[in-house]
Amino acid sequence: MAEESMTFVVNEGVSVAGEVMSIIAGLSATEIDGVDSLAGNLTNDMITKSSPSKLARGVRISSDDDNNIRIKMALNLSYGYEIPKLCEQVQEKVKSTIESMTGMGVSTIDIKIASVISEED
């Protein structure tokens, strides 16, 4: 299994760092209404400014045997949203964003709900 620090070869002469894949996945997930932040309270505004170790708390990127991307995400959700439907929207958004930006396939996107944030928090 690949690690965050590895580089993914998109095509001949072009490669993408695992950290960049994590940033893309995190940003696209937090664009969905109902996703408060990544685990570690990384909001959309903070994701690109975070250190790789902090970002790794919310997103893990690896590759499978067919060189497809595997993503594990831990999310903080806003209270009042239907969790299965929200997770499906996140999976679709992250998959389409990664595939369109890199040209690489995404085999799985596993989502862990780290917490549910109420408006009073």
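Let's start in the sheet: Leu-75 has Ile-113 of strand 6 as its bridge partner. The model is a predicted one, and this briefing follows strand 5 (residues 69–78) and its neighbours before turning to the protein as a whole. Strand 5 pairs with strand 6 (residues 106–117) in the parallel sense, and with strand 3 and strand 4 in the antiparallel sense.

**Strand 5 and its parallel partner**

- Ten bridges link strand 5 to strand 6, and the Leu-75 to Ile-113 pair is found in this pairing.
- The chain passes from strand 5 through helix 4 (residues 83–102) to strand 6, and these three elements form a right-handed β-α-β unit.
- How much of strand 5 is buried? Seven of the ten residues in strand 5 are, which leaves this strand mostly covered.
- As general background for looking along any of these strands, side chains in a regular strand alternate between the two faces of the sheet.

**The antiparallel partners**

- Strand 3 (residues 35–38) runs antiparallel to strand 5 and is joined to it by three bridges.
- Leu-75 turns up again here, since Leu-38 stands opposite this strand 5 residue.
- Strand 4 (residues 59–63) is also antiparallel to strand 5, with five bridges between the two.
- In strand 5, Ile-69 is the residue that Ser-63 stands opposite.

**The hairpin and Asn-67**

- Strand 4 and strand 5 form a hairpin with five residues between the strands.
- Which residue in this hairpin takes a positive phi? That residue is Asn-67, with a value near 65 degrees, and it is not a glycine.
- Asn-67 sits in the loop between strand 4 and strand 5.
- The relative accessible area of Asn-67 is 42%, so this residue counts as partly exposed.

**The protein as a whole**

- Four helices and six strands make up the secondary structure.
- Reading from the N terminus, the order of elements is β-β-α-β-α-α-β-β-α-β.
- The radius of gyration is 14 Å, which agrees with the value near 14 Å expected for a compact globule of 121 residues.
- The C-alpha trace spans about 50 × 30 × 20 Å along its principal axes.
- Of the 121 residues, 40% count as buried.
- Among contacts with a separation of 6 or more, 62% come from residues 24 or more positions apart.
- The accessible surface is about 6,800 Å², and carbon and sulfur atoms account for 46% of this area.

Technical notes:
Residues numbered from 1 in each chain as written. Predicted model: local features only at pLDDT ≥ 70, side-chain atom pairs only at ≥ 80, totals over all residues. Heavy atoms only, no water. Buried < 20%, exposed > 50% of the residue type's maximum accessible area, 1.4 Å probe, protein only. Pairing = 2+ DSSP bridges. Right-handed = clockwise from strand over helix to strand, strands pointing away. Rg over C-alpha atoms; globule rule 2.2 N^0.38 Å. Contact = heavy atoms within 4.5 Å. Areas by Shrake-Rupley, 256 points an atom, 1.4 Å probe, with all protein chains shown as cover.
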